[in-house]
Amino acid sequence: MAASTDTNNRSLLRTARGKLALTAGPSTIWLGLLLLAPLTFMVTVSFMNINEAYNIVWQPSLDNYGQLTGPGLPWESSFWNTAFMESLLLSYVIAIVTTVMCFSLAFPLAYLLARKGGRVFKIVIFLVLLPFFTMYLVRAYSWLLMFGPNGVLNATLLKLGMISEPLAVFNFGVPAIIVGLTHAYFPYMLLSLYASLDGIDFSLVEAARDLGASRPAVLKDVILPLALPGIISGSLFVFVPSLGAFITPRFLGQGKVLMIGQLIEERINSLYAIGYGSAGSMFIVLTIVVAFALAFRYVDVDELGGV
Amino acid sequence: MATNTENTTDVTTVERFFDHRTRERWLRRGLYGIAGLLLVFLWIPLAVMVFLSVAQNASTLFPFEGFTLQHYAATFSDPGLMMALFNSAQVATVAACIATVLGVLASFALARREFPLKSAFRTFGILPMIVPGVVLGIALLIYFRTLLSAIPVVGDLFVPGFLTLVLTHSVYGFPFVLLIVSARLYTFDEQLEEAARDLGASPLETFRDVTLPIIAPAVGAGFLFAWIRSFEDFIRAFFTKGTMDVLTTAMFSMIKYGAAPKMNAISAFIVLVIAILLAVAMNLGNVTQYVAGGPDE
């Protein structure tokens with residue numbers, strides 16, 4: 001008996017198929033049951049009829065989507081004139097501005113890190129990574145202390161006599177949310193940019209300069225094209241979580257601004273409105289699928305694994 | 001005449017050279033300046049928070065009323081908060097163990113085996129990291145609460161609580177282990193294993209004595225990543241935790257009810273603990289390389 005188990009084990013390890021089943025099998029099953037199945041179920045629920053007690057009636061219907069959008073078709077303005085659609089558009093704007101902010105802040109630092117190595121690099125990376133590893137909730141909370149009419153920013157400026165009454169820009173709202181999200185996702189951009197800039201042969205830059213290219217021309221024609229995979233993967237890793245952000249707009253919007261993640265969360269947690277929640281989530285999922293499909297035209301999936 | 005021309009060119013070259021040097025210097029200063037400002041931007045809110053955690057007046061800088069440690073004392077004697085901290089550590093440990101076992105096995109499949117749909121397998125593997133927390137949280141909540149809980153006999157297991165949260169976080173932590181360990185395996189010299197086998201070691205002995213010691217730092221780093229991800233996650237836990245509280249959800253309700261002093265103290269404490277963990281990890285293994293995916297060792 002014992003001997004036969006032993007041979008079984010051995011043959012499992014010996015054949016190629018056995019090895020594959022042993023290594024790739026468990027995670028495929030696990031992710032299949034706990035990632036693919038739930039997402040598929042959510043897509044299904046979003047296209048089903050949900051009754052007033054929030055139970056699923058197994059009848060295909062577009063009612064859930066009808067709740068989110070206004071009456072009419074996408075090219076009519078009534079279609080966009082609902083709380084959900086307005087919040088969706090606002091979320092896109094916030095996510096795009098955050099991505100642009102992260103890129104313009106991270107690029108100079110990533111460039112510097114790629115050109116310098118050694119001790120300075122290790123210290124700077126530690127200083128960047130530490131806030132990154134710190135709880136996301138803590139970082140959003142730390143900005144909650146900074147903003148607001150009595151927040152640290154306004155209080156300090158008032159104390160210094162630089163302003164006579166609290167500035168609106170340091171109050172809670174869209175600018176505060178953008179600052180909070182930039183702070184939260186900046187390291188993703190930095191690390192992606194660094195990973196691709198670090199692989200660049202900088203003698204190419206010198207060659208271009210020697211051949212008479214101006215600095216902006218070198219940036220545009222040499223550095224940016226070579227850093228493109230990093231720019232694209234960094235942008236995805238900032239844009240996607242910003243779009244579905246929940247804590248940051250909750251803390252830094254203080255109810256004045258509602259992003260799509262907050263709307264969905266509210267309906268699910270207070271009412272368990274699974275139809276509304278899953279249909280709303282589909283907008284995020286669809287945006288991600290489109291964003292990744294666009295990205296894959298320029299970069300390989302392997303290059304996206306940088307973070 | 002000829003000498004004159006020569007002179008002029010000489011002067012311009014020299015001027016250009018100096019001009020170039022000055023510009024280079026200013027450019028470098030500008031870059032360092034931006035980098036410095038960025039670090040200030042990253043650090044200022046955290047520094048303010050740490051400062052407020054030891055200030056008598058915990059809500060804002062002014063009026064400043066002196067230093068105190070009473071907020072820390074109150075935080076660490078709050079039974080609800082300490083229970084939540086304990087729950088978080090438990091969930092993170094179990095979830096990271098599952099993620100590590102599955103992630104290490106899957107890394108071997110990626111690095112060692114050739115099979116159809118390999119790139120799909122890889123994309124599928126990093127998907128939990130890409131799907132936004134709100135979406136993953138809601139999808140799993142509906143799946144557990146509406147679908148699995150309806151199954152007779154075992155359904156009760158899937159009522160949101162400890163188990164569902166562990167399952168959720170095991171999925172969330174998986175990609176981090178996969179990325180780190182597979183990156184290590186790609187650079188692994190397989191001849192070492194062949195040599196061990198030629199010298200008569202069994203596959204399991206080879207794994208234990210040759211493979212494992214070499215990939216151990218990467219496995220450790222993967223576990224640490226998965227652990228931290230679970231520990232710091234709020235949104236996925238918020239949906240699948242049921243009535244149990246973990247640290248992040250307890251902190252979230254504290255902010256809702258405006259208990260800032262304790263929030264400052266527990267947050268500052270977390271920053272400190274993570275700083276120590278990160279410094280240790282960076283000295284043990286090349287964390288930056290794992291994170292930034294830089295050139296392989």
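Student: Which residues of chain A does the UniProt annotation "transmembrane region" cover?

Tutor: Keep in mind that this is a predicted model, while the annotation comes from an unreviewed UniProt entry. The record marks several spans in chain A, and they are residues 20-41, 89-113, 120-137, 143-160, 167-186, 226-252 and 273-299.

Student: Take residues 89-113 of chain A: what percentage of that span is helix?

Tutor: The end C-alpha atoms of this span are 36 Å apart. Strand makes up 0% of residues 89-113, and helix makes up 100%.

Student: And how far apart are the end C-alpha atoms of residues 120-137 of chain A?

Tutor: That span of chain A is 89% helix and has 0% strand. From one end C-alpha atom to the other, residues 120-137 cover 29 Å.

Student: Why is chain A said to be more spread out than a compact globule?

Tutor: Chain A is built with 16 helices and two strands. For its 307 residues the globule rule gives 19 Å, so a value well over that says the chain is more spread out than a compact globule. Along the principal axes, its C-alpha atoms fill a box of roughly 75 × 55 × 40 Å. The number behind the verdict is the radius of gyration of chain A, 25 Å.

Student: How is chain A divided into domains, and how many Å separate their centres?

Tutor: Domain 1 of chain A is 2-46 and domain 2 is 68-304. Their contact takes four residues from domain 1 and six residues from domain 2. On the domain 1 side, those residues are three nonpolar, one polar and no charged. Taken over C-alpha atoms, the centres of domain 1 and domain 2 of chain A are separated by 36 Å.

Student: What about chain B: how many residues does each domain put into the contact?

Tutor: The assignment for chain B gives domain 1 (1-53) and domain 2 (74-292). The domain 1 side that touches domain 2 has four nonpolar residues, one polar and no charged. As for the count, domain 1 of chain B gives five residues and domain 2 of chain B gives five residues.

Student: Which helix gives the largest share of the side of chain A that touches chain B?

Tutor: Between the two chains, 71 residues of chain A are in contact with 70 residues of chain B. The chain A side divides into 52 nonpolar, 15 polar and four charged residues. With 17 residues, the largest share of that side comes from residues 16-46 of chain A, helix α2.

Student: Is A:V205 buried, exposed or partly exposed?

Tutor: A:V205 sits in helix α10 (residues 203-210) of chain A. Beyond its neighbours within four places in sequence, A:V205 is in contact with A:V218, A:V222 and A:I223. Being buried takes 20 or more C-beta neighbours within 10 Å, and exposed means 12 or fewer. A:V205 has 18 inside 10 Å, so the label is partly exposed.

Student: Which residues of α4(B) are buried?

Tutor: Helix α4 of chain B runs over residues 118-130, so 13 residues, and reaches 19 Å from its first C-alpha to its last, close to the 18 Å expected. Its buried residues are B:R122, B:G125 and B:P128.

Student: How much of residues 157-181 of chain B is helix?

Tutor: UniProt lists 157-181 among the "transmembrane region" spans of chain B, again in an unreviewed entry. The end C-alpha atoms of that span are 32 Å apart. Strand is 0% there, and helix is 80%.

Key:
Residues are numbered from 1 along each chain as its sequence is written. Chains are lettered from A and ligands numbered from 1 in the order in which they are written. This is a predicted model: local features need pLDDT of at least 70, side-chain atom pairs count only at pLDDT 80 or more; totals for chains, interfaces and linings use all residues. Helices (H or I, at least four residues) and strands (E, at least two) are DSSP runs, numbered from the N terminus. The expected span of a helix is 1.5 Å times one less than its number of residues. Two residues are in contact if their C-beta atoms, placed from the backbone, lie within 7 Å. Ala, Val, Leu, Ile, Met, Phe, Trp, Tyr, Cys and Pro count as nonpolar, Asp, Glu, Lys and Arg as charged, and the others, Gly among them, as polar. Domain bounds come from an automatic or database domain assignment. UniProt positions are given in the numbering used here, feature names are shortened, and annotations may be inferred rather than shown by experiment. The radius of gyration is taken over C-alpha atoms; the globule rule is 2.2 Å times the number of residues to the power 0.38.
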